[in-house]
Amino acid sequence: MQEASRAIMQDMQILRKSHNLQSSVSVVECYVCGKGLQDGHSITAKTLPNGIVLFCDVHYSLQNINIPK
Ligand SMILES: [Zn+2]
């Protein structure tokens, strides 16, 4: 009985680790407003001099004005 519950706890730890790994990779949100796919926005990646940033459909067209080079 104890061995069985221990095995279940190990399974849960594995699930939790893989979930954290997935969520850290799949965070996709706008660099300006923080909204993402879950808010109904489409996200586009753009390479800037300071790195790759993500913009929603609204801020993607404004990025050249808002982000200094
Ligand atoms: Zn935005």
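Which residues does Val53 touch, not counting residues up to four places away in sequence? Keep that question open while the whole chain is on screen; the tour returns to Val53 shortly.

**Whole chain.** This is a predicted model. Colour by secondary structure: the chain shows 3 helices and 2 strands, and reading along the sequence gives the order α-β-β-α-α. Of the 69 residues, 7% count as buried. Among contacts between residues at least 6 apart in sequence, 24% join residues at least 24 apart.

**Confidence.** Now colour by pLDDT. The chain average is 75, and 59% of the residues score at least 70. Select residues 19–25 next: the pLDDT there is below 50, and this stretch has 0 contacts in the model beyond near neighbours in sequence. Then compare two elements. Helix α3, residues 63–66, has the lowest mean pLDDT among the elements of the chain, at 56, while β2 has the highest, at 91.

**The strand pair.** Select residues 43–48, which make up strand β1, together with β2; the two run antiparallel and are joined by 6 bridges. They form a hairpin, with 2 residues between the strands. For one cross-strand position, pick Ile43 and look across to Cys56 in β2, which stands opposite. When inspecting side chains here, keep in mind that in a regular strand they alternate between the two faces of the sheet.

**Val53.** Stay on β2, residues 51–56, and select Val53 within that strand. Applying the same exclusion of residues up to four places away, Val53 touches Tyr31, Lys46 and Leu48, which settles the opening question. Is Val53 buried, partly exposed or exposed? Val53 is partly exposed, because 16 other C-beta atoms lie within 10 Å, and a buried residue would need 20 or more. Add a distance label from Val53 to Cys30: these residues are 23 apart along the chain, and their C-alpha atoms are separated by 8.0 Å.

**Gly34.** Move to the loop between α1 (2–25) and β1, and select Gly34 there. Why does Gly34 count as exposed? Gly34 does so because it has 9 C-beta neighbours inside 10 Å, and the limit for an exposed residue is 12 or fewer. As a last label, draw the C-alpha to C-alpha distance from Gly34 to Leu54: the two are 20 residues apart in sequence and 9.4 Å apart in space.

Terms used. Residues are numbered from 1 along each chain as its sequence is written. This is a predicted model: local features need pLDDT of at least 70, side-chain atom pairs count only at pLDDT 80 or more; totals for chains, interfaces and linings use all residues. Helices (H or I, at least four residues) and strands (E, at least two) are DSSP runs, numbered from the N terminus. Two residues are in contact if their C-beta atoms, placed from the backbone, lie within 7 Å. Two strands pair if DSSP finds at least two bridges between them. pLDDT is the predictor's confidence in each residue, from 0 to 100.
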